[in-house]
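Look at the sequence and the structure below. This report goes through the domains and then the surroundings of the ligand.

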Amino acid sequence: MEAAAPRCDRTLAWTALRGHWQAHGRDFDLREAFARDPGRFEAFSFAAPELFADLSKNLIDQAGLRLLLELARECRLEARRDAMLAGEPVNATEGRAVLHTALRAPRGQGPFSEDVHRVLDAMLAYAEQVRDTAASGIRHVVNIGIGGSDLGPQMVVPALDAFVHPGITLHFVSNVDGHDIAPLLRRLKPEETLFIVASKTFTTQETMANAQVAREWFLAQGGSDIAKHFVATTTNVEAAAAFGIDTTFGFWDWVGGRYSLWSAIGLPIAIAIGSEHFRALLAGAHAMDRHFATEPLERNLPVLLGLLDVWYRNFFGCASRSVAPYHQGLKRLPAYLQQLEMESNGKRVDLDGEPLPYGTSPVVWGEPGTNGQHAYFQMLHQGSDLIPVEFIAVRRPTHRHPDLHVKLLANCLAQSQALMLGKSTQEALHEKAPTAAQDIDPLTLARHRTFPGNRPSTTLLLEQLTPASLGALVALYEHRVFTSGALWGINSFDQWGVELGKALCNALLPRFASGDTAGLDPSTAALLRRLTGTGS
Ligand code: F6P
């Protein structure tokens, strides 16, 4: 890439956006916007591979969107995107390329294609062997990994439940808390179990400790063939061999942990859904990669979503975004997106290490609908913060209960409608509220039952939740995170913020044996004494 791209706040578009927000943004009213412009839905709806996006319920007008696109151009978003896709070392603090897109490029088309497809073919062949349960004897597959070596497979496997091998149960152990692995081991038999030790570095404390426990359990239960029952997915093949694992599927330092489900880290997915469906997952993601790489910014869905993220974060001051997948299979999607977005963009300095004068990653959170409705939606509708919501709806279910599905979809639409329309105090005054106190003043009650409305949401529609559509959806999020990170001028691909806690944990560990609290701050020292039973 040529000269350094300017940071978002040092552009003309940023100043123009500030003015536009003051004049037309902070008081923007969705209800008026729809009344004024009958073409608003069409103007703000977009198609991308495998999905359709309705952005019309967002607090923005055409002029605002044009300014955001101007911002993207001034920040040279396209050049940055092309640099990433070409394998330039855009992860500057680690001196690495960022090429998860190469993992889903068809054979012969992406960087490192030969390496990628060699490992992919070998991994898929292995997955098929495991799936032949009559021959393999494997009934349970336990993925031991954490963060990016856990959340992707843990999210995808239930999402694609309709495609999962009926004779194999997938389990995920991540936490160093023994309450994670212990109850699982009680239910397993060594001869039916395959452990996948998944770790990019093969040094992560939690994963190594759980792998050790699994191996000890396996031997103690009379298991003998470690080579058959343990497999590793890692970039550190030597460390896996030193652990005693012969079968290893590798990947490369240009695959970030939170972008790794497409690599050998996807082995549990491949075992669950089979090689054909795994290839469809990759193909769906690749289709979204092409969209991101080639579609003009005006119709480029990940770019548009990333721009809206900047608009809400930096102009409206929204500190969080809620994700509501109306599909139970996507129950782990919010957790997956937390790592993807918050580990990528939760940064406070720019590429030069200068402190940023504006907010970056919002808190991403959520639950599947309709469960969230009965928990925290109260706050989305009537709370004091503006929280953009993202609804994900799937038109065709894979189950045979159409009555349930239509209720689910109606709930999804009703929520975005309610957020936008709200309810005035006048409307509330004219309603009956059967559960209200008999003696309450009607106006007071109506105020409690008022919904301000004008709360923004985006709705993503999928025809069906398939390997291809899920691949496209996840790639959409990856590129959206890239977009906002590029505009914010941060490195979205390092994660130094996880290091300090790891180092301090390693320093504290021996103190649990010795009880030594010398040199610790008073709070940590007192807590340590309580936990080790050496003081009160
Ligand atoms: O928590 C930090 C982190 O490095 C994540 O980025 C990564 O996904 C996770 O730990 C697991 O790392 P590894 O795959 O090396 O075990």
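## Domains

Into which domains is the protein chain divided? In this predicted model, domain 1 is made of the pieces 23-36, 43-89, 295-418 and 456-493. Domain 2 covers 100-279, domain 3 covers 422-452, and domain 4 covers 497-532.

The centres of domain 1 and domain 2, taken over C-alpha atoms, are separated by 30 Å. In the contact between these two domains, 26 residues come from domain 1 and 21 residues from domain 2.

## The ligand and its pocket

Which pocket does the ligand take up? The ligand occupies the space of the largest pocket. The ligand is surrounded by 14 residues, and the closest are Gly148, Ser149, Ser199, Thr201 and Thr204.

What kinds of residues form the shell around the ligand? The shell holds 9 polar residues, 3 charged residues and 2 nonpolar residues.

## Polar contacts and buried area

Three side chains can be looked at one by one in the structure. In the side chain of Ser199, an N or O atom is 2.6 Å from an oxygen atom of the ligand. Glu343 has a polar side-chain atom 2.8 Å from an oxygen atom of the ligand. For Gln339, the distance from a polar side-chain atom to an oxygen atom of the ligand is 3.2 Å.

How much of the area that the ligand exposes when taken alone does the protein bury? Taken alone, the ligand exposes 390 Å², and 87% of that is buried by the protein.

Conventions: Residues numbered from 1 in each chain as written. Predicted model: local features only at pLDDT ≥ 70, side-chain atom pairs only at ≥ 80, totals over all residues. Heavy atoms only, no water. Near = heavy atom within 4 Å. Polar contact = N/O pair within 3.5 Å; in protein donor to acceptor, adjacent residues only side chain to side chain. Areas by Shrake-Rupley, 256 points an atom, 1.4 Å probe, with all protein chains shown as cover. 1 Å grid on protein atoms, 1.4 Å probe; cavity = no way out; pocket = protein on both sides within 12 Å on 5 of 7 lines; lining within 4 Å. Sits in = over half its atoms within 2 Å of the grid points. Nonpolar A, V, L, I, M, F, W, Y, C, P; charged D, E, K, R; others polar. Domains from an automatic or database assignment. Contact = heavy atoms within 4.5 Å.
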